[in-house]
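Please look over the sequence and the coordinates before reading on, and keep both at hand. The paragraphs that follow go from the overall fold to the packing of the interior and then to the charged and polar side chains.

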Amino acid sequence: MARRLLAQTIAPRDLTSWAYRFITWDGTPLAADLIALDIAYDYVDSVYNGQPYTSTTTADLDEDVIAEARRLAGDTTALSN
């Protein structure tokens, strides 16, 4: 699935959702960061009294997911800014 993200056939949120649903916390520790990022998406999407809960954006999380997918896939290319 990480390679599918890097090939741009799935979105970053799709990768984290997949990891959360199918690997779970009980699965391999390699997926722990992806699962944590799925939860982070939920926090970013949440609203508290009409104000964003965090200054982190989904674009920030997307970059983190892509970096994690590269790590998992063994991709050594430089990350784009």
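What pattern does the chain follow when it is read along the sequence? In this predicted model, the order of elements is α-α-α-β-β-α, and the secondary structure comes to four helices and two strands. The chain has 81 residues, of which 26% count as buried. It exposes about 5,500 Å², and carbon and sulfur atoms supply 52% of that area. Among the contacts with a separation of 6 or more, 45% are accounted for by residues 24 or more positions apart.

We can turn next to the interior. The largest nonpolar core holds 15 residues, and those that touch the most other members are Leu 5, Leu 15, Leu 34, Leu 61, Val 65 and Ala 69. The elements that contribute two or more residues to this core are helix H1 (2-6), H2, H3 and helix H4 (58-73), with H3 giving the most, namely six residues. Leu 5 may serve as an example of how these parts meet: not counting residues up to four places away in sequence, Leu 5 touches Ile 10, Ala 11, Pro 12, Leu 15, Val 65, Ile 66 and Ala 69.

Helix H2 deserves a separate reading. H2 has 12 residues and reaches 16 Å from its first C-alpha to its last, which is close to the 16 Å expected at 1.5 Å a residue. Within H2, the residues Pro 12, Leu 15, Thr 16, Ser 17 and Ala 19 are buried, and what covers the buried residues of this helix includes H1, H3 and H4. Just after H2, Thr 24 takes a positive phi of about 65 degrees.

Is Thr 16 buried or exposed? Thr 16, which lies in helix H2, has a relative accessible area of 0% and is therefore buried, the cut-off being under 20%. Leaving aside neighbours within four places in sequence, Thr 16 is in contact with Leu 34, Leu 37, Asp 38, Tyr 41 and Val 65. With one of these residues, Asp 38, the side chain of Thr 16 is joined by a polar contact of 3.2 Å.

Asp 38 leads on to the charged side chains, for which the count comes to three salt bridges. In one of them the side chains of Asp 38 and Arg 13 meet at 3.3 Å, N to O, and this pair links distant parts of the chain, since Asp 38 is in helix H3 and Arg 13 in helix H2, 25 residues apart. Arg 13 also forms a salt bridge with Asp 42, where the closest N and O atoms are 2.7 Å apart. That pair, too, links distant parts of the chain, with Arg 13 in helix H2 and Asp 42 in helix H3, 29 residues apart.

The surroundings of these side chains can be compared by their accessibility. Asp 38 has a relative accessible area of 6% and so is buried, Arg 13 is partly exposed at 24%, and Asp 42 counts as partly exposed at 41% relative accessibility.

The remaining pair is found in helix H4. The side chains of Arg 71 and Glu 68 meet in a salt bridge of 2.6 Å, N to O, and both residues lie in H4, three residues apart, or about one turn of the helix. Which of the three classes does Glu 68 fall into, buried, partly exposed or exposed? Glu 68 is buried, because its relative accessible area is 8%, whereas Arg 71, at 46% relative accessibility, counts as partly exposed. Through shared partners, salt bridges join Arg 13, Asp 38 and Asp 42 into one network.

Finally, the residues of the H4 pair also meet a loop. Leu 30 lies in the loop between helix H2 (12-23) and helix H3 (32-45). Leaving aside neighbours within four places in sequence, Leu 30 is in contact with Glu 68, Arg 71 and Leu 72. Leu 30 and Glu 68 are 38 residues apart in sequence, and in space they are 9.8 Å apart, C-alpha to C-alpha.

Technical notes: Residues numbered from 1 in each chain as written. Predicted model: local features only at pLDDT ≥ 70, side-chain atom pairs only at ≥ 80, totals over all residues. Heavy atoms only, no water. Contact = heavy atoms within 4.5 Å. Core = buried A, V, L, I, M, F, W, Y, C linked by side-chain atoms within 4.5 Å. Buried < 20%, exposed > 50% of the residue type's maximum accessible area, 1.4 Å probe, protein only. Salt bridge = Lys/Arg side-chain N within 4 Å of Asp/Glu carboxyl O. Areas by Shrake-Rupley, 256 points an atom, 1.4 Å probe, with all protein chains shown as cover. Polar contact = N/O pair within 3.5 Å; in protein donor to acceptor, adjacent residues only side chain to side chain. Expected span 1.5 Å × (residues − 1).
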